[in-house]
Amino acid sequence: MNDSSRQTKFLRNYAPPAYLIEEVALDVHLAPKNARIASKLRMRPNPKMAPGQPLVLDGEDLALERVALDGKDLSPGDYALSDGSLTINSVPAQPFTLEIVTLCDPEANTELSGLYRSRGTYCTQCEPEGFRRITYFIDRPDALAVYTVRIEADRATTPVLLSNGNLIEQGDVAGTDRHFAVWHDPFPKPSYLFALVGGDLASVHDSFTTASGRKVALGIYVKPGKEDRCGWAMESLKRAMRWDEERFGLEYDLDVFNIVAVSDFNMGAMENKGLNIFNDKLVLARPDTASDADYHSIESVIAHEYFHNWTGDRVTCRDWFQLCLKEGLTVFRDQEFTSDVRTGPVERIIDARMLKTHQYPEDAGPLAHPVRPASYIEINNFYTSTVYEKGAEVCRMLQTLLGARPFRKGLDLYFERHDGEAATVENFVDAMADVSGRDLTQFMLWYTQSGTPELACSLDYDPHAKTAKLHVSQVVPPTPGQTSKEPMLIPLKVGLIGANGDELPLKLNGEILTDGLLEVTDREQVFEFHDVPAPPTPSLLRDFSAPVRLTTSLDANQIEFLMMHDSDPFNRWQATQTYAGNLLTAAAREGDVGRATGKEAVRLAQALATAARDDTLRPAYRAETLKLPSESDIARELARNVDTDAVHAAREALRAKIGGSIGDTLAALYDTAGTDAPFSPDPQSAGLRALRLAALDLLAATKAPGGARRAHYREASNMTDAIMALSILSQLQSPVRDDALAHFYARWEDEPLVLDKWFAVQARATRPDSVETVRALLTHPKFSLKNPNRVRALIGSFAQANPSGFNRADGAGYALLAGQALEIDRFNPHVAARLLGAFESWRTLEPGRQRHAKAALEDLAGQSLSTDSYEIVTKTLG
Ligand code: 0A1
Ligand code: ZN
């Protein structure tokens with residue numbers, strides 16, 4: 001560990017690179033233990049910077065064989081090598097050529113960053129700073145160059161050779177058993193978008209003709225034998241390509257678009273230009289191996305990576321502080337895509353739920369940071385829900401405030417101005433300001449202020465004046481490093497609903513507000529609506545128009561009214577959640593499950609039954625309505641002194657009460673909805689399955705005959721039904737559980753992605769012995785700390801999706817996570833640091849649990865940690 005890597009980097013210190021790289025020619029000789037990389041760089045001093053500076057190249061874990069300047073070998077006295085860099089003190093003031101030859105060891109690369117070998121396949125991961133583990137380079141996103149890459153490898157073991165761009169040459173290396181391929185990418189790109197793959201891979205091919213007539217060859221490369229699982233990914237890709245043309249006028253720009261699926265990958269997928277590399281979990285699907293949730297993720301991540309071709313690759317980021325520029329915008333684009341190809345309101349619910357579950361706790365905890373962070377120690381730690389999901393909400397708010405057409409124009413202008421460049425958040429917002437003529441200075445606070453704004457609303461009705469005054473106040477809570485905040489520009493979509501459920505016209509300042517959009521700009525503000533004939537019920541924050549915490553003065557009757565009458569589908573769903581959430585938080589706070597099972601619970605159950613039976617609503621939407629707030633939702637609402645056992649007990653009691661109260665409706669839904677149709681992954685069929693399974697989930701809670709026993713694991717004809725049944729059964733203490741798990745294991749033990757589900761289901765099961773179950777599984781012969789998917793399936797699911805197990809009162813869950821993360825940290829810091837994120841809400845717990853969590857964190861802080869984990873642990877301790 002070198003100390004310089006632990007230094008904090010600041011956005012305010014940004015300076016352009018002193019040298020520019022115009023062209024890169026790489027010659028890569030693949031070999032398992034000593035890959036040899038010869039790089040030839042055409043460089044020149046950056047005319048915008050002071051001349052005569054030393055040339056500093058980044059490099060890590062490399063063995064340097066040769067450096068030559070303009071054809072002349074340099075001797076060790078001409079340069080300095082340190083842990084992280086190669087410095088050449090004197091280079092010409094004119095364009096020059098630098099040649100570097102290095103060796104690296106792909107098989108020893110357990111960090112999975114740079115060039116590594118995953119089960120016989122060579123692949124690369126260069127975002128954010130992996131290229132420096134392949135060769136010495138100016139490894140930063142504002143150093144754009146055109147790449148030509150020659151790859152050479154053993155023909156028999158490595159028949160497929162891929163890189164970015166178009167294939168321009170291939171052949172055998174005469175007199176050897178090796179072959180080569182040469183790829184050229186005409187688009188200048190930063191090093192983080194470089195990729196290379198070599199392996200014995202099978203492939204599936206298709207083609208796509210762009211709106212302007214370019215025929216693009218599409219390929220998906222997988223391990224031989226998995227070709228039959230690529231269909232959904234390929235269909236999703238073609239849908240995404242067409243959608244981006246229709247919605248944003250963005251066409252694909254190369255003749256080839258390849259996707260490679262690998263089994264060992266730190267994240268979900270990577271948008272390398274023309275050569276996306278994917279975690280195979282997000283490519284491979286067949287009805288018997290993948291659930292509807294898997295099909296959904298594959299569709300959205302395939303789209304996400306493809307959309308990066310414009311938002312990320314054609315226009316990239318100036319520096320890593322600008323990460324949200326590509327990620328927030330691309331998540332927004334993939335959300336819009338999914339919303340268009342599936343059920344819009346359901347997708348909005350899914351996205352809002354995801355934000356609240358993952359981002360709100362981040363924003364409320366010790367790791368809070370702005371959408372555009374101002375500093376970091378390790379950039380790998382900033383691929384966060386704040387940068388991605390809150391970043392997407394910020395783009396959505398711009399679209400809401402400007403309108404869809406101006407937003408599209410703003411995006412067009414952004415591409416026109418910055419195509420081929422490395423841009424900043426300011427560049428993006430300036431384009432939006434310029435097309436709309438709006439001053440977006442206050443809006444910029446969404447990028448710079450961390451913390452979730454709290455919006456309090458109350459409505460006063462004056463029966464004489466027939467006015468309704470909406471009082472709005474906003475507070476942005478203090479977060480680490482930011483004690484006082486400015487008020488934000490918050491788009492607040494509202495409606496007023498009359499007693500019979502009709503929408504009332506919104507008359508404000510003599511005009512009718514057709515889109516219901518209010519702009520909150522001050523700490524305190526009043527909006528006065530005129531000609532309101534009778535006391536209305538306000539529907540606030542429609543369509544979740546801003547990522548804020550809303551509190552209202554609505555009572556239970558008004559919330560119930562919204563559950564029945566709100567014409568905004570998001571808010572109608574939200575009303576159910578709020579109603580249930582209020583019962584659950586009261587019960588959990590007081591440790592009294594009776595608070596969640598009284599008269600109000602029965603009323604909630606009736607409302608849920610009405611919605612669940614309502615054929616005018618899409619099944620997927622009805623399914624969302626039947627899902628109660630999660631345990632982490634309840635904990636988040638409680639915000640302090642959380643007892644996770646009380647939270648679990650409250651939720652179980654309410655589920656059981658609902659299951660018991662409306663059992664007939666639920667059973668009817670479970671027994672009939674869509675059971676006769678053959679399996680198809682399309683959104684409508686998936687919606688019907690989701691409705692059945694949401695009904696089953698509530699029925700199973702009753703513990704009565706017909707409850708859990710309805711989970712017919714063995715009769716399931718697809719993975720969605722099978723895994724749902726298995727997860728219900730896995731909660732039980734009975735031989736039925738053991739049988740089902742044994743059966744699943746026997747069937748799928750040789751299918752890693754399916755076996756991951758077997759590990760995950762057990763890790764999530766909320767049984768008193770879940771810590772012991774997970775510990776036992778850690779020693780299972782099929783468990784490996786080296787495979788990130790397996791680690792996330794077992795340890796990640798336990799820490800993130802089993803709140804009562806992870807937060808067990810004796811601290812055993814914390815000890816388990818800390819111990820495993822420490823072990824993983826020694827060879828894959830990125831995965832370890834992400835696991836440790838599970839400690840982020842420790843200060844919201846009751847004192848006993850806090851003590852145990854703190855002890856685990858302090859113990860970690862005393863160990864020798866990677867920079868990644870060091871940053872998470874020290875900041876979490878605060
Ligand atoms: N840019 C990718 C995410 C990604 C980030 C880092 C990685 O390796 C450390 C891999 C992928 C995306 O947004 O999809
Ligand atoms: Zn992305």
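How far apart do the end C-alpha atoms of residues 26-193 lie, and what percentage of the span is helix and what percentage strand? The end C-alpha atoms lie 14 Å apart, and the span is 0% helix and 52% strand, where helices (H or I, at least four residues) and strands (E, at least two) are DSSP runs numbered from the N terminus.

The model is predicted, so that local features need pLDDT of at least 70 and side-chain atom pairs count only at pLDDT 80 or more, while totals for chains, interfaces and linings use all residues. Residues are numbered from 1 along each chain as its sequence is written, and chains are lettered from A and ligands numbered from 1 in the order in which they are written.

Two annotated spans come from an unreviewed UniProt entry, with positions in the numbering used here, shortened feature names, and annotations that may be inferred rather than shown by experiment.

| UniProt domain | Residues | Helix | Strand | End C-alpha distance |
|---|---|---|---|---|
| Aminopeptidase N-like N-terminal | 26-193 | 0% | 52% | 14 Å |
| Peptidase M1 alanyl aminopeptidase Ig-like fold | 451-552 | 0% | 50% | 20 Å |

The protein chain as a whole comes to 26 helices and 34 strands, and its C-alpha atoms fill a box of roughly 90 × 70 × 60 Å along the principal axes. With 878 residues, a compact globule would have a radius of gyration near 29 Å, and the 28 Å of the protein chain agrees with this; the radius is taken over C-alpha atoms, and the globule rule is 2.2 Å times the number of residues to the power 0.38. Of these residues, 52% count as buried, meaning that 20 or more other C-beta atoms, placed from the backbone, lie within 10 Å of their own (exposed: 12 or fewer; partly exposed: in between).

Helix α23 (residues 812-825) has 14 residues, which at 1.5 Å a residue should span 20 Å, in agreement with the 20 Å between its end C-alpha atoms; the expected span is 1.5 Å times one less than the number of residues. Among the buried residues of α23 are Tyr814, Leu817 and Ile824, and the buried residues of this helix pack against helices including α21 (788-801) and α25 (847-861).

Glu22 is found in strand β2 (residues 19-29) and counts as partly exposed, with 13 C-beta neighbours inside 10 Å. Beyond its neighbours within four places in sequence, Glu22 is in contact (C-beta atoms, placed from the backbone, within 7 Å) with Arg42, Met43, Arg44 and Ala145.

Notes:
Two residues are in contact if their C-beta atoms, placed from the backbone, lie within 7 Å.
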